[in-house]
Amino acid sequence: MERLVLISDTAGDFAAAFPGAVAAEIKKFPDGEFYARIPTDCKGKEVLLLHRCYPEQNENLMKLFILLDAIKSQSPSSLRCFIPYLPYARMDKAVKQGEAISADTVCKTLKSLGCNELITVDCHFIKQGAGIFERAGLKIRNLTASGALLAHIRKSSPNALAISPDQGAAYMAKGGESIKKVRGEYGEMGGATYRKVAEMKVDFEAKGKDLVIIDDMVSTGSTMIKAVNVLKVAGAKKISCATTHGLFLSGALEKLREAGAGEIVATDSIHSPVSKVHVADLLKAKAV
Ligand code: R5P
């Protein structure tokens with residue numbers, strides 16, 4: 001079966017890892033709507049679409065939807081897409097009556113547009129790590145960057161003990177320790193809805209240790225910064241930070257450094273000044 005890798009305009013940097021990949025044609029109409037064209041025949045082929053949905057995730061989701069539909073209409077034999085950071089993955093359950101479970105909306109839509117498999121990295125609603133899962137009828141292959149992130153930190157801190165800032169990311173610490181995190185009520189932060197971290201407890205020996213805190217994402221940074229602070233209070237000697245998806249909103253990178261974090265590393269699922277681990281390498285090694 002012939003394979004075809006298609007690359008969107010948000011994933012152009014993946015082309016080096018996929019020689020022969022074809023770029024999708026994407027333009028914007030004067031009113032802001034997207035024009036998309038698949039400039040090659042997909043009929044009967046195993047198609048893999050590479051696309052980033054962040055930043056501008058609302059726009060880039062729409063772009064993904066029309067790209068998938070254009071590919072589907074050409075009857076490929078299979079259609080997979082690689083979205084390293086899946087938007088809306090954090091809205092995976094209703095806390096208040098009537099809340100939209102947007103993670104399901106995204107998954108259902110991808111499925112309905114012919115996506116046979118979503119390949120993603122350290123997806124927020126999958127707490128079990130790498131593997132094959134299903135959500136809202138969509139097959140999801142979850143890759144993890146934890147091994148590559150920890151290996152990067154251990155080049156300069158060979159004995160760093162991995163710590164997850166909560167139970168949800170415990171799988172990323174690969175046998176290390178977890179901080180106990182409690183979220184508070186919804187509040188406002190910079191005009192956006194946000195649940196603050198209410199409390200963090202360190203119930204393991206951190207004194208004098210070289211530690212690396214690892215998490216699926218750093219968004220506002222409040223989780224990671226609080227983790228750095230409680231580990232400093234617990235007597236840690238050196239603290240590094242590793243994350244798969246580095247959004248680093250509201251000056252989070254600088255705030256982390258001010259809090260006392262040493263080396264900080266992320267993947268390039270989202271471009272940032274500390275993106276040192278390449279998700280295209282993970283994809284090639286595990287799913288292509
Ligand atoms: C939470 O469960 C996640 O794993 C992250 O810890 C969290 O979403 C990061 O968000 P923030 O950087 O805003 O604390």
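Trainee: Which residue in β5 does V5 stand opposite?

Mentor: Look across to L48, since V5 stands opposite L48 in β5. Keep in mind that this is a predicted model. The general idea is to move from one residue pair to the pairing of whole strands. Here, β1 and β5 pair in the parallel sense over five bridges.

Trainee: What about the other neighbour, and how many bridges join β1 to β2?

Mentor: Two bridges do that job, and β1 and β2 run parallel. For a residue pair to click on, try L6, which stands opposite V22 in β2.

Trainee: Is strand β1 largely enclosed or open, and why?

Mentor: To read that, count how many residues of the strand are buried. Strand β1 covers residues 3–7, and four of the five are buried, so it is largely enclosed by the rest of the structure.

Trainee: In what order do the strands of that open sheet come?

Mentor: Read a sheet by walking from strand to neighbouring strand, not along the sequence. In this case the walk goes β2-β1-β5-β6-β7-β9-β8, which makes an open sheet of seven strands with mixed pairing. At the edges you find β2 (22–23) and β8 (131–135), each pairing on one side only.

Trainee: In what sense do β5 and β6 pair?

Mentor: Parallel: strand β5 (residues 46–50) and strand β6 (residues 78–82) are joined that way over five bridges. If you want one pair to find, L50 has F82 as its bridge partner in β6.

Trainee: Which strands pair with β10?

Mentor: Take β14 to begin with. Strand β10 (residues 161–164) and β14 pair in the parallel sense over three bridges, and A162 has V212 as its bridge partner in β14. There's also strand β11 (residues 177–178), which pairs with β10 in the parallel sense over two bridges. In that pairing, S164 is matched with S178 in β11.

Trainee: Let's go to the ligand. How many residues surround the ligand, and which are the closest?

Mentor: To read a binding site, list the surrounding residues, then look at individual contacts. The ligand has 15 residues around it, and the closest are D215, D216, T220, G221 and T223. For D216, a polar side-chain atom lies 2.5 Å from an oxygen atom of the ligand. T220 likewise has a polar side-chain atom 2.5 Å from a ligand oxygen. With G221 the backbone is involved: one of its polar backbone atoms is 2.7 Å from an oxygen atom of the ligand. Altogether, the protein covers 93% of the 380 Å² of accessible area that the ligand has on its own.

Trainee: Which element gives the most to the shell around the ligand?

Mentor: That's β14, with four residues. Helix and strand elements that each supply at least two shell residues are β12 (180–189), β14 (210–218) and α4 (222–233). Sorted by class, the shell has three nonpolar, six polar and six charged residues.

Trainee: How many disulfides does the structure hold?

Mentor: The general idea is simple: a disulfide is a covalent bond between the sulfur atoms of two cysteines. This structure holds zero disulfides. Take C42: its sulfur is 13 Å from the closest cysteine sulfur, in C81, which is too far for a bond. C123 is in no disulfide either, as the nearest cysteine sulfur, that of C107, is 7.0 Å away.

Trainee: And do C42 and C123 count as buried or exposed?

Mentor: Check relative accessibility, where under 20% means buried. C42 is buried at 0%, and C123 is buried with a relative accessible area of 3%.

Conventions:
Residues numbered from 1 in each chain as written. Predicted model: local features only at pLDDT ≥ 70, side-chain atom pairs only at ≥ 80, totals over all residues. Heavy atoms only, no water. Near = heavy atom within 4 Å. Polar contact = N/O pair within 3.5 Å; in protein donor to acceptor, adjacent residues only side chain to side chain. Areas by Shrake-Rupley, 256 points an atom, 1.4 Å probe, with all protein chains shown as cover. Nonpolar A, V, L, I, M, F, W, Y, C, P; charged D, E, K, R; others polar. Disulfide = S-S within 2.5 Å. Buried < 20%, exposed > 50% of the residue type's maximum accessible area, 1.4 Å probe, protein only. Pairing = 2+ DSSP bridges.
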